[in-house]
Amino acid sequence: VSTQSTGGVRVYDSDIVRCVSANWSRVCLAESNITDISLHLLALRGKLVELNLCWCDDITDAGIAALVSAHSSTLQTLLIRKCVYGTKTLNAIAHCSKLRVLDLSQIADITTDASWRALATGLPLLENLDISWMFGLSDNL
């Protein structure tokens, strides 16, 4: 089961509270007005395989990290372009051993080299990584 909301349709926490399902495996909430409340609800439900949170301006590093950690054994696609994330999220992602597609692009505030190294060693199945528009990446990687 999947759900999708992008572009003109705005989704809020109250919408997620009303309709979240334990059977969702693919969730696209790109450009939604959700907060960490929705992320925590999704962390308690189902086994997510695909998750798109691109351009969600009101979610935090802690919320994304909690959701990713809850689904680390099943996530295969994670898209968090232009979201606020940091070391907590990167460390959680590094434990997603089935991850194949990862979009981390357009983040101005880059975390530590150690977090990036953990990603490089913790994602053996990764096929597609988008880190475009990230100007703070170190040359030491």
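Here is a short walk through this predicted model, from its confidence to its core and then to one aspartate. Residues are numbered from 1 along each chain as its sequence is written, and side-chain values use heavy atoms, with hydrogens and water left out. Because the model is predicted, local features need pLDDT of at least 70, side-chain atom pairs count only at pLDDT 80 or more, and totals for chains, interfaces and linings use all residues.

Let's start with confidence. The protein has a mean pLDDT (the predictor's confidence in each residue, from 0 to 100) of 85, and 85% of its residues reach 70 or more. Confidence is lowest in strand β1 (residues 2-4), with a mean of 50, and highest in strand β4 (residues 77-79), at 97. Strands here are DSSP runs of E, at least two residues, and helices are runs of H or I, at least four, numbered from the N terminus.

Next, look inside. The largest nonpolar core (buried Ala, Val, Leu, Ile, Met, Phe, Trp, Tyr and Cys residues joined through side-chain atoms within 4.5 Å) has 38 residues, and Tyr 85 and Leu 104 are among those with the most contacts inside it. Elements giving two or more residues to this core are α2 (36-43), α3 (61-70), α4 (87-93) and α5 (113-122).

Now turn to Asp 103, which sits in strand β5 (residues 101-103). Asp 103 counts as buried because its relative accessibility is 9%, where buried means under 20% relative accessible area (1.4 Å probe, protein chains only). The Asp 103 side chain makes polar contacts (N or O atoms within 3.5 Å, one able to donate a hydrogen and the other to accept it; residues adjacent in sequence count only if both atoms are side-chain atoms) with the side chains of Arg 81, at 3.2 Å, and Ser 105, at 2.6 Å.

Terms used: Buried means under 20% relative accessible area, exposed over 50%, partly exposed in between (1.4 Å probe, protein chains only).
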